[in-house]
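Me: Could you take me through one part of this model in detail? I'd like the spot that carries the database annotations, and then how the rest is put together around that spot.

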Amino acid sequence: MFDANDTAMMHTALALARQGRFSTSPNPRVGCVVAHGTQIVGQGFHVRAGEPHAEVHALRQAGEMARGAAAYVTLEPCSHHGRTPPCAEALIQAGVTRVVAAMSDPNPQVAGQGLARLREAGIAVQCGLLETEARALNRGFLSRIERGRPFVRLKCAASLDGKTALSDGRSQWITGPEARADVQILRAESCAVITGAGTILADNPQLNVRAFPTLRQPARVVLDSRLKTPLESRVVQDGGSPTLIATLNNQPKSLQKYTNHQHLQILRPSELNGRINLHSLLALLAERGFGEVMVEAGATLAGAFIEAGLIDEIVCYQSPKILGGQGKGLFSIKENPQMLAAQPSWKTTLLEPCGQDIKWVLQK
């Protein structure tokens, strides 16, 4: 069905799509290659929402050379009018004779209609080339569409003996500069960074990308049931991206100073056992277009996300330092003796040095 050249072209399209991983949300990451046989005449990727899609960039570069060519695209071309015209129509007008898509688009506005429109125009259409790789590239977009919640990554850092801080709460710095730089990349890939009010009060973090320029800073989401977040905190004052306060507090006097602040937005998730319902929170974030979020929080909130079954990936940076028995642990989770004999629920997908530390990535 697909030959070696098809596979090579789609690999190129996927590499192009990855270039948009810091900027495309809430849209998917998409790359496109236009080629005559082994000769590429046009290529492009979607940079950010509201701007031309990957197919448009590739077709513009190809010009008249697009006529009679094959187009390789990592996601089914759109068929609807949004902020940009439909890419299926652009491919038809350009005169391509074959379109190879890595996967169909689950978005109800597309969902096979783009491929159908191409077939109706007499274009040879094939779908499914390197689909696994394409789905992995857009796991946040797909999670939002298919599950109604973002893909959730938990980032944590620990000493060799599994501690995140000294007994007095001091944690700077467990890991080295290379690990901290790598976290900046994870933040840049995320639509939002989630933390708790306790972390804001203890560390006053910025939770933004500072190591390199980026077109889009992640939003900050603070779980703050009682509205304790100081308006002087960095996540409020820097204004580089929206800060969303998720709270259960409904007292007008308490809410007023937050609702009147230009850099703040209030989220009202439902309550579960006196705490913020994390399922409800993630549903609200998905409604706002957040596809991939990262939890950077203390042991209590991190443990709550794990116990709720809402973590899809754990990225743990482990330092060769030893903090001792009085240090604070990674996760606060109820002890369950049966879990000791149970099969591991997490599988290692990456284990590599990161400076003097180890980067350990796990997925279910």
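Reply: Here is a walk from the annotated residues outwards, ending in the other domain.

One thing up front: this is a predicted model. The domain assignment splits the chain into domain 1 (4–138) and domain 2 (148–363), and I'll begin in the former.

The annotated spot. The unreviewed UniProt entry lists His53, Cys78 and Cys87 under "binding site". They span 35 residues in sequence, yet no pair of their C-alpha atoms is more than 9.2 Å apart, so they do come together at one spot. The same kind of record, again an unreviewed UniProt entry, has "active site" on Glu55.

Take Cys78 to begin with. You'll find Cys78 in the loop between strand 3 (70–73) and helix 3 (87–94). With 8% relative accessibility, under the 20% cut-off, Cys78 counts as buried. Past its neighbours within four places in sequence, Cys78 is in contact with His53, Pro85, Pro86, Cys87, Ala88 and Val110. Two names there, His53 and Cys87, are also on the "binding site" list.

Cys87 sits in helix 3. Its relative accessible area is 1%, so Cys87 is buried as well. Again leaving out neighbours within four places, Cys87 is in contact with His53, Glu55, Val56, Pro77 and Cys78. That ties Cys87 to the "active site" residue, Glu55, through a contact.

Glu55 belongs to helix 2. You might look for a glutamate out in the open, but at 3% relative accessibility Glu55 counts as buried. Beyond four places in sequence, Glu55 touches Cys32, Val73, Leu75, Pro77, Cys87 and Leu91.

The sheet beside the spot. Helix 2 (residues 54–62) lies across strand 1 (31–36), strand 2 and strand 3, and runs at about 140 degrees to strand 2. Those strands are part of an open five-stranded sheet with mixed pairing, in the order 2-1-3-4-5. Its edges are strand 2 (39–45) and strand 5 (124–127), each of which pairs on one side only. On average, neighbouring strands here are turned by 15 degrees against each other, ignoring direction. Inside the sheet, strand 3 and strand 4 (residues 98–101) run parallel and are joined by four bridges; one to look up is alanine 70, whose bridge partner in strand 4 is arginine 98. Further along, helix 4 (residues 113–120) lies across strand 4 and strand 5, at about 155 degrees to strand 5.

The core. The largest nonpolar core has 44 residues, and Met10, Val34, Tyr72, Val99 and Leu118 have the most contacts inside it. Helix 1 (residues 4–18) gives the most to this core, six residues. Leu118 is a good one to click on: outside four places in sequence, Leu118 touches Pro77, Ala88, Leu91, Ile92, Val99, Ile123 and Val125. Several of these turn up around the annotated spot too: Pro77 and Leu91 are touched by Glu55, and Ala88 is in contact with Cys78.

Over to the other domain. There is a second, separate core of 30 residues, including Ile276, Leu282, Leu285 and Leu301. Leu301 is in helix 12 (residues 299–307), where Ala302, Gly303, Phe305 and Ile306 are buried along with Leu301. The buried residues of helix 12 pack against strand 6 (151–158), strand 8 (192–196), strand 9 (219–223), helix 11 (278–287) and strand 14 (292–295). After helix 12 comes glycine 309, with a positive phi near 70 degrees.

Next up is strand 15 (residues 313–318), mostly covered, with five of its six residues buried. Strand 15 pairs in the parallel sense with strand 6 over six bridges, and in the antiparallel sense with strand 18 (residues 357–363), also over six bridges. Valine 315 lets you see both pairings: it is the bridge partner of lysine 155, and stands opposite valine 361 in strand 18.

Lastly, how do the halves sit? The centres of domain 1 and domain 2, taken over C-alpha atoms, are 35 Å apart. The contact between them takes eight residues from domain 1 and ten residues from domain 2.

Methods:
Residues are numbered from 1 along each chain as its sequence is written. This is a predicted model: local features need pLDDT of at least 70, side-chain atom pairs count only at pLDDT 80 or more; totals for chains, interfaces and linings use all residues. Side-chain values use heavy atoms; hydrogens and water are left out. A nonpolar core is a set of buried Ala, Val, Leu, Ile, Met, Phe, Trp, Tyr and Cys residues joined through side-chain atoms within 4.5 Å. Buried means under 20% relative accessible area, exposed over 50%, partly exposed in between (1.4 Å probe, protein chains only). Helices (H or I, at least four residues) and strands (E, at least two) are DSSP runs, numbered from the N terminus. Contact means heavy atoms within 4.5 Å. UniProt positions are given in the numbering used here, feature names are shortened, and annotations may be inferred rather than shown by experiment. Two strands pair if DSSP finds at least two bridges between them. Axes are lines fitted to C-alpha atoms, for helices over the stretch in contact, and angles run from 0 to 180 degrees between N-to-C directions. Domain bounds come from an automatic or database domain assignment.
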